[in-house]
Amino acid sequence: MDLLIDNLFDINHSLAKDYLNKFKYPWEALKGLKDEIIKIGNSLDKNEYEEIKKEVWVHKTATIFQSAYISSPAIIGENTEIRQAAFIRGSVIVGNNCVIGNSCELKNAIVMDNAQIPHFNYVGDSIIGYKAHMGAGSITSNVKSDKTNVVIHNEGIDIETNLKKVGAFLADYVEVGCNSVLNPGTVIGRNSNVYPLSSVRGVIDKDSIYKQNKVVKKR
């Protein structure tokens with residue numbers, strides 16, 4: 001599968017679009033994300049965004065529940081909800097009309113517009129595409145058990161990321177079933193579905209269904 005950023009995401013659905021446009025592959029954007037979020041945050045319209053604490057910018061239409069915690073740097077977009085006990089650990093940019101739900105944890109991630117990460121999810125060192133949805137309890141695993149650099153496995157070709165921490169890249173319109181684990185370096189193409197209780201590794205092509213360790217094309 002073609003793993004170019006433009007093949008996975010419509011970057012117009014993120015404040016990070018100019019940043020993402022600098023890279024060929026999505027994992028290349030992870031390393032400098034913290035500094036980029038600070039740069040974007042300082043350029044935001046103060047009539048629309050409030051800096052609720054140092055380097056945490058929240059759109060004035062967003063809803064942040066009292067029990068949620070947001071560490072810097074972070075940007076929370078228009079009409080987005082950060083719900084009970086959500087933990088945003090920093091270096092996170094969340095788009096417009098998103099849901100970051102109860103007891104979810106995010107770090108070093110881009111979440112594009114209209115994405116939903118609503119219940120007991122962990123998203124680290126990852127990019128979540130436009131209108132992508134993660135079912136309850138599904139997580140991105142971002143470190144290999146042997147702590148070596150993450151490799152992207154794509155159609156028999158191994159692509160070195162030169163990074164020890166790489167989560168998953170969910171393209172636009174991806175649906176991930178409940179309690180699934182997306183292993184380090186997982187890439188799921190546009191409009192694909194992952195069945196609940198799956199353990200996914202490698203690259204799943206667009207318009208596919210992943211179930212029982214098999215990939216079938218949608219009809």
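## Core, pocket and loops of a predicted model

The largest nonpolar core has 66 residues, and L20, I117, I128 and L170 touch the most other members. Strand β10, residues 105–111, gives the largest share of this core, four residues. The structure is a predicted model.

One of the four best-connected core residues is L20. Leaving aside neighbours within four places in sequence, L20 is in contact with I5, I11, A29, I110, M112 and I127.

**The chain as a whole**

The protein chain has three helices and 25 strands. Its radius of gyration is 16 Å, close to the 17 Å that the globule rule gives for 219 residues, so the chain is as compact as a globular protein of that length. Taken along the principal axes, the C-alpha atoms fill a box of roughly 50 × 35 × 30 Å. Of the 219 residues, 52% are buried. Among contacts between residues at least 6 apart in sequence, 30% join residues at least 24 apart.

**The largest pocket**

Which residues line the largest pocket? The lining consists of S14, L15, A16, K17, D18, Y19, K22, E36, K39, I40 and S43. Two elements, α2 (17–20) and α3 (33–43), each give two or more residues to this lining. The largest share, four residues, comes from α3. By type, the lining residues divide into four nonpolar, two polar and five charged. The volume of the largest pocket is about 180 Å³.

**Helix α3 and its cover**

Helix α3 also has residues that are buried: L33, E36, I37, I38, I40 and G41. Two of these names, E36 and I40, appear in the pocket lining as well. What covers the buried residues of α3 includes the helix α2 and the strands β2 (56–59), β5 (74–76), β8 (92–94) and β10.

W57 is found in strand β2, one of the elements in that cover. Is W57 buried or exposed? Its relative accessibility is 4%, so W57 counts as buried. Leaving aside neighbours within four places in sequence, W57 is in contact with I37, I38, G41, N42, L44, Y49, E50, E51, A74, I75 and I76. Among these partners, I37, I38 and G41 are buried residues of α3. W57 and G129 are 72 residues apart in sequence, and their C-alpha atoms are 21 Å apart in space.

**Backbone details in loops**

Some loops hold backbone angles worth listing. The peptide bond from S72 to P73 is cis, and P73 lies in the loop between β4 (69–70) and β5. E55 has a positive phi although it is not a glycine; this residue is found in the loop between β1 (49–53) and β2. F120 has a positive phi too, and F120 is likewise not a glycine. The loop that holds F120 runs between β11 (116–119) and β12 (122–128).

| Residue or bond | Angle | Value |
|---|---|---|
| S72 to P73 | omega | near -10 degrees |
| E55 | phi | about 60 degrees |
| F120 | phi | about 55 degrees |

**Two loops in contact**

V143 and K165 both sit in loops. The loop with V143 lies between β14 (139–140) and β15 (151–154), and the loop with K165 lies between β16 (157–160) and β17 (168–170).

How many residues apart along the chain are K165 and V143? They are 22 residues apart, and their C-alpha atoms are separated by 5.1 Å. V143 and V166 are 23 residues apart in sequence, with 6.6 Å between their C-alpha atoms.

Not counting residues up to four places away in sequence, V143 touches K164, K165 and P184. Leaving aside its own neighbours within four places, K165 is in contact with L30, K107, D125, N142 and V143. One of these partners, K107, has a number that falls within strand β10, residues 105–111.

Why does V143 count as partly exposed? The relative accessibility of V143 is 30%, and partly exposed covers the range between 20% and 50%. K165 is also partly exposed, because its relative accessible area is 45%.

Methods:
Residues are numbered from 1 along each chain as its sequence is written. This is a predicted model: local features need pLDDT of at least 70, side-chain atom pairs count only at pLDDT 80 or more; totals for chains, interfaces and linings use all residues. Side-chain values use heavy atoms; hydrogens and water are left out. A nonpolar core is a set of buried Ala, Val, Leu, Ile, Met, Phe, Trp, Tyr and Cys residues joined through side-chain atoms within 4.5 Å. Buried means under 20% relative accessible area, exposed over 50%, partly exposed in between (1.4 Å probe, protein chains only). Contact means heavy atoms within 4.5 Å. On a 1 Å grid over the protein atoms alone, a cavity is a set of points where a 1.4 Å probe fits but cannot get out, and a pocket is an open set with protein on both sides within 12 Å along at least five of seven lines; lining residues have an atom within 4 Å of a point. Grid points are joined across faces, edges and corners, and a volume is the space filled by probe spheres set on the points. Ala, Val, Leu, Ile, Met, Phe, Trp, Tyr, Cys and Pro count as nonpolar, Asp, Glu, Lys and Arg as charged, and the others, Gly among them, as polar. The radius of gyration is taken over C-alpha atoms; the globule rule is 2.2 Å times the number of residues to the power 0.38.
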